[in-house]
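Visitor: Could you walk me through this model? I'm new to this, so please explain the terms as we go.

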Amino acid sequence: TCTLPARSVNEGLARGIVSSFCAQLDPTVEELCDMKTAISEAVTNCIVHAYATEPDERKKKILLKAEYFDDGLLSVTVRDYGCGIDDVALAMQAGYSTAPEQIRALGFGAGMGLPNMKANTDEMTIHTKVGEGTTIRMIVKTA
């Protein structure tokens, strides 16, 4: 478990942390690439959506937790303490985005984050509360 500042530079760090943890499990290249993609999407969503209107950089934190279970399940949890998701079903639709226009102009916030996370994991759960944040748990079956 670690906590990272919600800054774009830490997307690569989050991927590296999970990749290093996964390496000891001897995943296939496809499993590793899928999890790295899902982690990138989750961390980027925290930065682009959860904290878009938060002015205090000290409050912008991302909790990253990775666990491996004896039955071959790898679980990665990404949590933010930001705005939360109003409508999860709507947010899961490809192309739907609440990203501010200035973020979209930079090429982010295309509305593919949650669908990509789901597509690159075997199981994904979302717990969210408006005004308190979102926790996404992604599971990949290894072995």
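Visitor: Which strands does helix 2 lie across?

Guide: Helix 2 lies across strand 2 (61-68), strand 3 and strand 5, and runs at about 10 degrees to strand 3. Helices (H or I, at least four residues) and strands (E, at least two) are DSSP runs, numbered from the N terminus. Axes are lines fitted to C-alpha atoms, for helices over the stretch in contact, and angles run from 0 to 180 degrees between N-to-C directions. Contact means heavy atoms within 4.5 Å.

Visitor: Before we go on, where do the numbers come from?

Guide: This is a predicted model, in which local features need pLDDT of at least 70 and side-chain atom pairs count only at pLDDT 80 or more, while totals for chains, interfaces and linings use all residues. Residues are numbered from 1 along each chain as its sequence is written, and side-chain values use heavy atoms, with hydrogens and water left out.

Visitor: OK, back to the sheet. In what order do the strands come?

Guide: Five strands form an open sheet in the order 1-2-3-5-4, with antiparallel pairing; two strands pair if DSSP finds at least two bridges between them. Strand 1 (2-5) and strand 4 (123-129) stand at the edges with a single partner strand each, so one side of each has no neighbour in the sheet. On average, and ignoring direction, neighbouring strands here are turned by 15 degrees against each other.

Visitor: How many bridges link strand 3 and strand 5?

Guide: Strand 3 (residues 73-80) and strand 5 (residues 133-141) pair in the antiparallel sense over eight bridges. To pick out a pair, the bridge partner of threonine 77 in strand 5 is arginine 137.

Visitor: And at what angle do helix 1 and helix 2 pack?

Guide: Helix 1 and helix 2 (residues 29-50) pack at about 145 degrees, and their axes are 9 Å apart. Residues on both sides make this contact, including Val18, Ser19 and Cys22 of helix 1 and Leu32, Lys36 and Val43 of helix 2.

Visitor: Is Ser19 buried or exposed?

Guide: Serine 19, which lies in helix 1 (residues 10-23), counts as buried because its relative accessibility is 15%. Buried means under 20% relative accessible area, exposed over 50%, and partly exposed in between (1.4 Å probe, protein chains only). Leaving aside its neighbours within four places in sequence, serine 19 is in contact with Leu32 and Lys36.

Visitor: What about the loop after that helix, where is aspartate 26?

Guide: Aspartate 26 lies in the loop between helix 1 and helix 2, and at 67% relative accessibility it counts as exposed. The phi of aspartate 26 is near 55 degrees, a positive value in a residue other than glycine. For background, most residues other than glycine have a negative phi.

Visitor: Changing topic, how many disulfides does the structure hold?

Guide: The structure holds zero disulfides, a disulfide being a pair of cysteine sulfur atoms within 2.5 Å. For cysteine 83, the nearest cysteine sulfur is that of cysteine 46, 9.8 Å away. Cysteine 83 is partly exposed, with a relative accessible area of 36%, whereas cysteine 22 is buried at 3%.

Visitor: Last one: what share of the chain counts as buried?

Guide: Of the 143 residues of the chain, 38% count as buried. The chain has five helices and five strands, and from the N terminus on its elements run β-α-α-β-β-α-α-α-β-β.
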